[in-house]
Amino acid sequence: MGLLTGDALWTLGVAVAIFLLLVDLMHRRQRWAARYPPGPMPLPGLGNLLQIDFQNMTNSFQKVLNVVPVLLRIPGLPGKVFPAQKAFMALLDELLTEHRMTRDPAQPPRDLTDAFLAEVEKAKGNPESSFNDENLRMVVADLFTAGMVTTSATLAWALLLMILHPDVQRRVQQEIDEVIGQVRPPEMGDQACMPFTMAVIHEVQRFGDIVPLGVPHLTTRDIELQGFFIPKGTTLVTNLSSVLKDETVWERPLRFHPGHFLDAQGCFVKREAFMPFSAGRRACLGEPLARMELFLFFTCLLQRFTFSVPAGQPRPSDHGVFGAMVTPPPYQLCAVPR
Ligand code: HEM
């Protein structure tokens with residue numbers, strides 16, 4: 001075993017010091033939380049740490065790694081601390097191996113993985129290319145994680161809001177019966193004739209506000225924005241919630257109110273402040289797919305079932321649970337075929 005010297009020793013020393021400081025910080029958190037009122041803290045770093053709801057986040061060591069990611073270089077540690085992620089990547093690796101074995105380069109690509117594999121082959125011997133096996137793993141992992149939980153959390157919000165607002169559910173079902181009927185499945189073209197359903201889906205997304213802080217981005221150069229100087233290398237967090245719940249824009253920002261997306265004639269209206277997918281060039285890449293999934297799944301479900309709070313159970317709360325995203329609180333529902 002070699003001895004650590006110079007830079008490596010210094011880095012390790014700093015990492016250990018930060019680690020100890022953070023462990024200490026977490027132990028003191030309760031006392032501090034009681035001493036300081038909620039709101040911005042004098043030291044932004046500490047303030048951010050204390051604003052996070054640790055109760056609903058991952059376990060303590062994962063939190064420490066989130067702040068001191070250099071510790072992830074300790075061999076074997078990532079798999080131990082993140083068993084679910086390890087299992088997820090193992091599953092993806094199986095899928096990718098199967099693709100490699102069954103891909104026929106003479107045929108058109110079956111999907112993104114096939115197309116990426118073809119590019120990896122072309123880029124062989126070019127270390128500059130971003131088409132390599134590790135990037136393929138990451139792209140596929142990104143698409144799975146970004147695409148699965150978001151749509152399912154939104155649908156979970158939609159069903160919760162339907163059992164809490166049976167009058168809204170009835171109106172959606174009425175529109176489904178008039179436009180689609182009970183025989184054929186819904187199609188994307190139906191959207192144009194279903195203003196109320198469209199308004200409900202948009203309002204579910206606005207109210208659910210599942211990614212309230214978007215995805216962090218890093219500035220690649222110094223920039224001045226509305227008089228604020230932001231140096232290169234700053235992590236920026238967009239507060240989408242402040243727009244989706246802006247009281248100067250929405251009549252009832254904290255209530256579920258499909259009327260936010262309807263005009264006086266009952267026609268669907270787009271609203272500029274509707275940005276659950278964020279905005280700009282790095283806005284959600286999956287938005288068109290997500291919109292299709294939400295419309296087709298939601299209408300399909302309400303075409304076939306009526307949802308309600310199970311008999312004898314209290315009305316579930318509509319206060320979101322903040323974790324990696326905002327999900328509805330756990331609830332049960334009764335699905336009765338129509
Ligand atoms: C209701 C569903 C969804 C919501 C609310 C949502 C929301 C978001 C938000 C807020 C961002 C951050 C944008 C930013 O950085 O400013 C994002 C990024 C992204 N989303 Fe979605 N998303 C949804 C569904 C999906 C689906 C179905 C996919 C793909 C299958 C997807 C793939 C991605 C990807 C790849 C990014 C990163 C884009 C980039 O950095 O350039 N999302 N999404």
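Begin with the largest cavity of this predicted model: select Gln191, Met198, Ile201, His202, Gln205, Arg291, Leu294 and Phe295, the residues that line the cavity. The space enclosed there amounts to about 60 Å³. In the model as a whole, four cavities of 30 Å³ or more are counted.

Next, colour the lining of the largest cavity by residue class. Four of its residues are nonpolar, three are polar and one is charged.

Then display the helices around this lining. Helix 9 and helix 11, the latter spanning residues 287-304, each contribute at least two residues to the lining of the largest cavity. Which helix provides the largest share of that lining? Helix 9 does, with four residues.

Keep helix 9 on screen, select residues 195-208 to show its full extent, and add helix 8, residues 166-179. The axes of these two helices come within 8 Å of each other and cross at roughly 135 degrees. Because of this angle, helix 8 is oblique to helix 9. An angle would have to be over 145 degrees to count as roughly antiparallel. Turn the view to look through both helices: their crossing is left-handed.

Finally, show the side chains where the two helices touch. On helix 8, select Val168, Arg171, Val172 and Glu175; on helix 9, select Pro195, Phe196, Thr197 and Val200, which they meet. By class, this contact between helix 8 and helix 9 comprises five nonpolar residues, one polar residue and two charged residues.

The tour thus ends on helix 9, which takes part in the contact with helix 8 and also supplies four residues to the lining of the largest cavity.

Notes: Residues are numbered from 1 along each chain as its sequence is written. This is a predicted model: local features need pLDDT of at least 70, side-chain atom pairs count only at pLDDT 80 or more; totals for chains, interfaces and linings use all residues. Side-chain values use heavy atoms; hydrogens and water are left out. Axes are lines fitted to C-alpha atoms, for helices over the stretch in contact, and angles run from 0 to 180 degrees between N-to-C directions. Angles under 35 degrees count as roughly parallel, over 145 as roughly antiparallel, 65 to 115 as roughly perpendicular and the rest as oblique. A crossing is left-handed if the near helix is turned anticlockwise from the far one by less than a right angle, and right-handed if clockwise. Contact means heavy atoms within 4.5 Å. Ala, Val, Leu, Ile, Met, Phe, Trp, Tyr, Cys and Pro count as nonpolar, Asp, Glu, Lys and Arg as charged, and the others, Gly among them, as polar. On a 1 Å grid over the protein atoms alone, a cavity is a set of points where a 1.4 Å probe fits but cannot get out, and a pocket is an open set with protein on both sides within 12 Å along at least five of seven lines; lining residues have an atom within 4 Å of a point. Grid points are joined across faces, edges and corners, and a volume is the space filled by probe spheres set on the points.
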